[in-house]
Structures are given as structure tokens and as C-alpha cells.
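Q: I'm at the bench with a new model open on my screen. Can you walk me through how to read it, feature by feature?

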Amino acid sequence: MFKDLLQARRAYRALLPTPVPRSHQLIMAQAASLAPSCFNHQPWKFLFISGEHSLSLWHEALTDGNYWAKRASLAVVVYTDDEWDCVIKKRRYASFDTGMAAFSLILTATELGYAAHPIAGFSPSKIAEQFHIDPQPDFMACNVIGKKTDDLSVLEERHQKEEKERPPRKGVDEFVRFFE
Ligand SMILES: Cc1cc2nc3c(=O)[nH]c(=O)nc-3n(C[C@H](O)[C@H](O)[C@H](O)COP(=O)(O)O)c2cc1C
């Protein structure tokens, strides 16, 4: 059931360095490509980063708080540029559309049995430099992907509680208004 998949997705941090086969990486990429986009512009680009050397370049871009991501076997950097999608007055759709593609990838990774954790804590300019993205795009996020472990000793104490319990959500009444 789709609702079970939504419940299963969590931003887990305790990961095992189990490799993600290329066949699974391709399934994730294909899922991302099915996302809707304004005028079907498909403004997203993805870097699938695996293997010791490429991951070590990516590690250099991480903030200290994302130390846990260094155990991941796959990082998927996603980026876009406002110029690649609709801009309607103040509405810039590139980030919106790219977010939907990224979420398709995250849910597919979840269905394949991986933890897939989006992060903003990294240096975009370092990633642009290490992976030759020129000019640097307007929007970038990383998805940290790996097999989850129940061994929480790999995490700092502050992260152990969040691993066990989903951070609380706003009530629907706090962000929804119904009109009939
Ligand atoms: C755009 C974005 C940036 C995030 N950046 C980080 C990050 O840098 N480090 C981190 O540990 N978690 C990061 N997260 C994960 C959130 O903290 C997490 O999704 C949120 O607390 C809700 O928890 P849940 O996804 O397990 O339900 C980020 C999530 C998003 C969507």
C-alpha cells in the first residue's frame, strides 16, 4: 500500500556501508524521470555518487553535523537552475519540480529497502568544483542512501532519539483550510 510506503520512509541516519547495485540506481533514476514538471521541462539533474574515490570527494563537502552520511554507499546529488523551467512572474518552478523528482527517487529507494535521507548540510560550491558542475546551479540537495542498521552506536547521542521516533508533525488543521 502506498500509505505504508509513506510511513516506512524516514530520514534514518544509522547506515551500513552495503553497496547499492547499479540496477537499483537505475530503477531510482527511472522513478525520478516519471515526476510531473511544468511544460514537461524535466529541469532536474542527478549525480549518482558511489565507490570509494567518488564518495571521498563528496565527503569533503559535508558539514560536521552530517558525519553520519559518510557511512552511506550512495549519494544522489540533485540540482536544477531556474533557467531550465517555467518562471511565471514570481513563481519559479525548477525547485518545485526537482523536489518532486527527488521524492519519487526517495520513495523508490525506500521500496527497494534502503534508507534515503535528503540533506541540505553540505557545501554546494565544493560539490560543483569536485564534480565539475559549471556554472553552479541555483538549487542543490543531496540524498544519502544506504541500508539502515539498528546499531545506534554509530550515531552521536543527539541523533539516537530521532532515529527511534519520527519527529512530530503539525496537525492537519494547522496547515489546511477546506473550502466547500
Ligand atoms: C531539504 C531538506 C534538508 C535536510 N537537511 C538535513 C541535514 O542537513 N541533516 C540531517 O541530518 N537531516 C536533514 N534533513 C532531514 C530532516 O531533518 C527530516 O526529514 C525531518 O526531521 C523529518 O524527519 P523524517 O523525514 O524522518 O520524517 C533534511 C530534510 C530536507 C527535506
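Q: Let's start with the ligand. Which of the residues around the ligand come nearest?

A: Keep in mind that this is a predicted model. There are 14 residues around the ligand, and the nearest are Arg10, Ala11, Arg13, His117 and Arg169. By character, the shell splits into six nonpolar, three polar and five charged residues.

Q: Which side chain has a polar atom 2.8 Å from an oxygen atom of the ligand?

A: For polar contacts, look for N or O pairs within 3.5 Å. Here that side chain belongs to Arg169. Asn66 also uses its side chain, with an N or O atom 2.9 Å from a nitrogen atom of the ligand. Gly121 works through its backbone instead: an N or O atom there sits 3.0 Å from a ligand oxygen. As for cover, the ligand on its own exposes 620 Å², and the protein buries 66% of that.

Q: Moving to the protein interior, how many residues does the largest nonpolar core have?

A: Think of a core as buried nonpolar residues joined through their side chains. The largest one here has 28 residues, and those with the most contacts inside it are Leu47, Ile49, Trp58, Val77, Ile119, Ile127 and Val144. Several elements give two or more residues to this core, including strand 2 (45-49), helix 3 (52-59), helix 5 (124-130) and strand 7 (139-148). There's also a second, separate core of 14 residues, with Val20, Leu74, Ala101 and Ala109 among them.

Q: What is Ile127 in contact with, leaving aside its neighbours within four places in sequence?

A: Ile127 touches Leu47, Trp58, Ala61, Val77, Phe122, His132, Ile133, Met140 and Cys142.

Q: Now the backbone. Which residues does a cis peptide bond join?

A: The general idea first: most peptide bonds are trans, and most residues other than glycine have a negative phi. In this model, a cis bond links Asp134 and Pro135, with omega about 0°. Pro135 is in the loop between helix 5 and strand 7.

Q: And phi? Where is His132, and is it buried or exposed?

A: His132 is in the loop between helix 5 and strand 7. Its phi is positive, about 55°, although it is not a glycine. With 69% relative accessibility, His132 counts as exposed.

Q: What is the phi of Gln42?

A: Gln42 isn't a glycine, yet its phi is positive, about 45°. Look for Gln42 in the loop between helix 2 (22-33) and strand 2. At a relative accessible area of 36%, Gln42 is partly exposed.

Notes: Residues are numbered from 1 along each chain as its sequence is written. This is a predicted model: local features need pLDDT of at least 70, side-chain atom pairs count only at pLDDT 80 or more; totals for chains, interfaces and linings use all residues. Side-chain values use heavy atoms; hydrogens and water are left out. A residue is near a molecule or strand if one of its heavy atoms lies within 4 Å of it. A polar contact is a pair of N or O atoms within 3.5 Å; within protein, one must be able to donate a hydrogen and the other to accept it, and residues adjacent in sequence count only if both atoms are side-chain atoms. Accessible areas come from the Shrake-Rupley method with a 1.4 Å probe; for residues, only the protein chains shown count as cover. Ala, Val, Leu, Ile, Met, Phe, Trp, Tyr, Cys and Pro count as nonpolar, Asp, Glu, Lys and Arg as charged, and the others, Gly among them, as polar. A nonpolar core is a set of buried Ala, Val, Leu, Ile, Met, Phe, Trp, Tyr and Cys residues joined through side-chain atoms within 4.5 Å. Buried means under 20% relative accessible area, exposed over 50%, partly exposed in between (1.4 Å probe, protein chains only). Helices (H or I, at least four residues) and strands (E, at least two) are DSSP runs, numbered from the N terminus. Contact means heavy atoms within 4.5 Å.
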